[in-house]
Amino acid sequence: MKTFAYFDSTHEFPEEIIIASQMNPYKILGKADFSTELADQYIPPFICANARSFLNQAIEESSNWEGIAIAHGCDATNRQFDIWDQHVKTQFLYYIHNPLKTDGIAQRFFIREIKAMITALESHFNIKISLDQLENAIQVSNQIKILLQNLSKLRLTKDISNTEYFDVLKFTVQNPKEKVIPYLESISMDWLSRNPFPINKFPIFLTGSDITHSLWFDLLEKVNLRVVRDDLSIGERYYATLIPTDEDSISNIVNYYLNIPRSSTKHPITPRINYIMNACKTEKIAGVVSQIIKFCETFAYDAPFLKIQLEAIHMPVIHLEREFTENIDQQISTRLEAFVELLEQNQN
Ligand code: SF4
């Protein structure tokens, strides 16, 4: 199956359109080696390294993809379309808006955007994307989200490492959906047979900038912090809600993307805060790790308000700014160890 790549700074790109067009939607997450050198020629170093690593991968690998779409995301990356247009070799580069708001005007606007993208794909690839195909794509997407929801719940009761969870999500957003479903079913069998949640680990909620490499999940694991809930795009934001099926396919897709757990790229902040607070109140969460990658202003703006809200319910919280590096950051590791000591004191 042909691969169609997309770049969204959180979870904004309606990948169901690509599934319906019989291509594999592939979320660009940068290469395993953290490379940004090629992109650094065009994007200054005070822009987050996530975005630079995505461009770097696209410059190197775009010949493997039938086309690329960029979805309206954070302010830092919205303006990078022209850079991609200039420096990434591809036959088809498309920008799709995803509105900031969720009201009726935003809804109608997004419907128009999706129809325009369908028309552009049909014209370029000489295909027809029917409403039935969109309906089937929604069913596939929902099947995957249900499997992920069930896997996610096991994090609270079973011994499933942070890295294993991240690897499952990464596989899901980068591989053909017909491979993803049996893969998730086999992971489910495995995780169900796992030992109970380890007594030496602290269950935490993880929030902030998207994490694109497993290294940071591993760092949390090493200090005995186990991510049992999150609101990341390569995480719960991707599967927490299902695509509705009560209206026509395009309206259903629009309603889904306007109502998923919100990121800091969308306003207002309240739905995002409520999602985190609700998880902290209903699950056995020992603390919250809020982290941003350096220069991610989007999530940095929200962090102080989030911290105040969590402290008001006496939920321990740590906020960290991390580098984009393949090496363990010892300073952050030390701060996390101190946070774990605080959680231990709370436990006693
Ligand atoms: S990490 Fe932050 S600044 Fe970078 S792409 Fe994501 S939201 Fe934008």
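Domain bounds here come from an automatic or database domain assignment. Keep that in mind as you click through this predicted model.

Start with the whole chain in cartoon view. You should be able to pick out 15 helices and eight strands. Turn on the C-alpha atoms alone, and they fill a box of roughly 65 × 45 × 40 Å along the principal axes. Is that what a compact globule would give? Rather, ask what radius of gyration goes with 348 residues. A compact globule of that length would come out near 20 Å, and the protein has 20 Å, so the two agree.

Next, select residues 3-130 and give them a colour: that's domain 1. Then select 132-347 for domain 2. Put a marker at the C-alpha centre of each domain, and the two markers sit 22 Å apart.

Now look at where the domains meet. Which residues should you show as sticks? On the domain 1 side, 49 residues are in contact with 45 residues of domain 2.

Go back to the full chain and hunt for contacts between residues at least 6 apart in sequence: 73% of them join residues at least 24 apart.

Switch to a surface view. The accessible surface comes to about 15,000 Å², with 51% of it belonging to carbon and sulfur atoms. Underneath, buried residues account for 58% of the 348.

Last stop: colour by charge. There are 33 positive and 44 negative charges, and their mean positions lie 3 Å apart.

Technical notes:
Residues numbered from 1 in each chain as written. Predicted model: local features only at pLDDT ≥ 70, side-chain atom pairs only at ≥ 80, totals over all residues. Heavy atoms only, no water. Helix = DSSP H or I, 4+ residues; strand = E, 2+ residues; numbered from the N terminus. Rg over C-alpha atoms; globule rule 2.2 N^0.38 Å. Buried < 20%, exposed > 50% of the residue type's maximum accessible area, 1.4 Å probe, protein only. Contact = heavy atoms within 4.5 Å. Areas by Shrake-Rupley, 256 points an atom, 1.4 Å probe, with all protein chains shown as cover. Lys, Arg positive; Asp, Glu negative; His and termini not counted. Charge placed at Lys NZ, Arg CZ, Asp CG, Glu CD.
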